[in-house]
Amino acid sequence: MSESRAVALTRELIRCPSVTPADAGALDVVETALKAVGFETHRIVFSAPGTPDIDNLFAKIGAGAPHLAFAGHTDVVPPGDPARWRFEPFAAEVSDGRVYGRGASDMKGAIAAFAAAAIAYVERRGLQQGTLSLLITGDEEGVSINGTVKLLEWARGRGERFDHCIVGEPSNASTLGDMIKIGRRGSLSGRIRVIGKQGHVAYPQRAENPAPIIARIVSALSGHELDKGTTHFERSNLEFSTIDIGNPAVNVIPGEARAQFNVRFNDVWTHESLKERILQVIKEAAPTANVEVEFPPSNAVSFITKPGAFTELVIEAVRQVTGTTPELSTTGGTSDARFIVNYCPVLEFGLTNETIHAVDENARVADIDGLCAVYARIIERYFESASAR
């Protein structure tokens, strides 16, 4: 049995070892397929000091409103030890109804699916009204500086106006159609350093032990209820990832103690208001201690696309193809949708996320074809409704 265009494109993309920040020919695959049916394409390389140059692709067909965009990334995380994989990580082997390879689910399968859906629509009907576009970066798994955020600015600078966008992140938990992401939590990391005074354990009066102080701070922050959650978000959560004193001697009071944490926060907070609350809790836990707190830069903000007509259109398309009514969720990590929401309403719908970033990452062939059918239905209904207006 011959494979579909979506599956063939998925395999072709996986064979490009585009580990961040390398492109390895992945954008060429998408650009070639789109240009063949008349898409106008642009390749733009963005740079910034101290970061790698990133190649990006913007492709469009049509003009004016309404403008529906699909967005995603061709870069992938490293595969780790290839010997642990069932197949070579970039071979794109098909076995037991699944395509194996790094990026199969996150998110080359989705890029292939929406490219195939767009191509099929243009071949079958053309675009009589509005604009259909794809924004694809190679910087989502990296520092996210020279990718989507700059590609959006570039597009706006040339007069593009987006009305709605779908990001092909692997949104589904276990079954295609079970979840649409309508927002994401923000992310804020912090580093704490408690400065004490080193000394002999037999003479504690001559030293200042930072260990009990860091313990109080960790306990206070871990036990502090930041909020109770909101309509579309679960409660914000702070987790410590390291507590480090680094003292190998049992008879020495250490001179300092360190800890590191991350907060995934909902729409109650901004970065600044959250920093203020964290500093307040630390001050209350250790009012007289010498404590330094550092917050590394973060562009991961909390955002929400409130359900409306576009959300209902996507829900109905998913239901029609999969027979499942998807849950609307804001769970998971960060994505480039956090940049797109500043330009238009954005939803995330892609493949399942069971194997993303893992050894033997894979995607079901049936799911890739099913996702392509969902995207095709979204495109069809979106421009049908535009023509009816």
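Me: How many bridges does strand 5 make with strand 19?
Reply: Quick caveat first: this is a predicted model, where local features need pLDDT of at least 70, side-chain atom pairs count only at pLDDT 80 or more, and totals for chains, interfaces and linings use all residues. Residues are numbered from 1 along each chain as its sequence is written, and side-chain values use heavy atoms, leaving out hydrogens and water. Strands (E, at least two residues) and helices (H or I, at least four) are DSSP runs numbered from the N terminus, and two strands pair if DSSP finds at least two bridges between them. Strand 5 (residues 98-100) runs antiparallel to strand 19, and the number of bridges is three.

Me: Which strands are the edges of the sheet with the order 4-5-19?
Reply: That sheet is open and has three strands in antiparallel pairing. An edge strand here pairs on one side only. That description fits strand 4 (94-95) and strand 19 (362-364).

Me: What angle does helix 1 make with strand 5?
Reply: Helix 1 packs on this sheet and touches strand 4 and strand 5, contact meaning heavy atoms within 4.5 Å. Axes are lines fitted to C-alpha atoms, for helices over the stretch in contact, and angles between N-to-C directions run from 0 to 180 degrees. For helix 1 against strand 5, that gives about 15°.

Me: Which residue in strand 19 is the bridge partner of V99?
Reply: Strand 5 and strand 19 are joined in the antiparallel sense. In strand 19, V99 finds its partner in A363.

Me: Which backbone oxygen lies 2.7 Å from a polar atom of the S105 side chain?
Reply: S105 is in helix 3, and with 1% relative accessibility it counts as buried, a label for anything under 20% relative accessible area (exposed is over 50%, partly exposed in between; 1.4 Å probe, protein chains only). Leaving aside residues up to four places away in sequence, S105 touches several residues, including P170, T355, E361, N362 and A363. A polar contact is a pair of N or O atoms within 3.5 Å; within protein, one must be able to donate a hydrogen and the other to accept it, and residues adjacent in sequence count only if both atoms are side-chain atoms. The backbone oxygen in question belongs to N362.

Me: How far apart in space are S105 and I356, C-alpha to C-alpha?
Reply: In sequence they are 251 residues apart. I356 is nevertheless among the residues that S105 touches. From C-alpha to C-alpha, they are separated by 6.1 Å.

Me: Which residue's backbone oxygen lies 3.4 Å from a polar atom of the S144 side chain?
Reply: S144 lies in the loop between strand 6 and helix 4 (148-157), and its 8% relative accessibility makes it buried. Outside the four places on either side in sequence, S144 touches D139, V149, N299, D336, R338 and F339. The backbone oxygen comes from E140.

Me: Is helix 2 largely enclosed or not, and why?
Reply: The buried residues are A26, L27, V29, V30, E31, A33 and L34. Their cover includes helix 1 (5-14), strand 1 (40-46), strand 2 (54-63), helix 3 (104-125) and strand 6 (130-137). Seven of the ten residues of helix 2 (26-35) are buried, so the rest of the structure leaves this helix largely enclosed.

Me: Which residue of strand 18 is the bridge partner of C165?
Reply: Strand 7 (164-167) is covered on both faces, with H164 and I166 buried on one side and C165 and V167 on the other. Strand 7 pairs in the parallel sense with strand 3 (67-73) over four bridges, and A69 stands opposite C165. Parallel pairing also joins strand 7 to strand 18 (346-348), over three bridges. There, the partner of C165 is V346.

Me: At what angle does helix 6 run to strand 10?
Reply: An open, antiparallel sheet of four strands has the order 12-14-10-15, and strand 10 (186-195) is joined to strand 14 (256-265) by ten bridges. Helix 5 (211-223) packs on this sheet, at about 160° to strand 10. Helix 6 (271-285) lies across strand 10, strand 12, strand 14 and strand 15, and its angle to strand 10 is about 30°.
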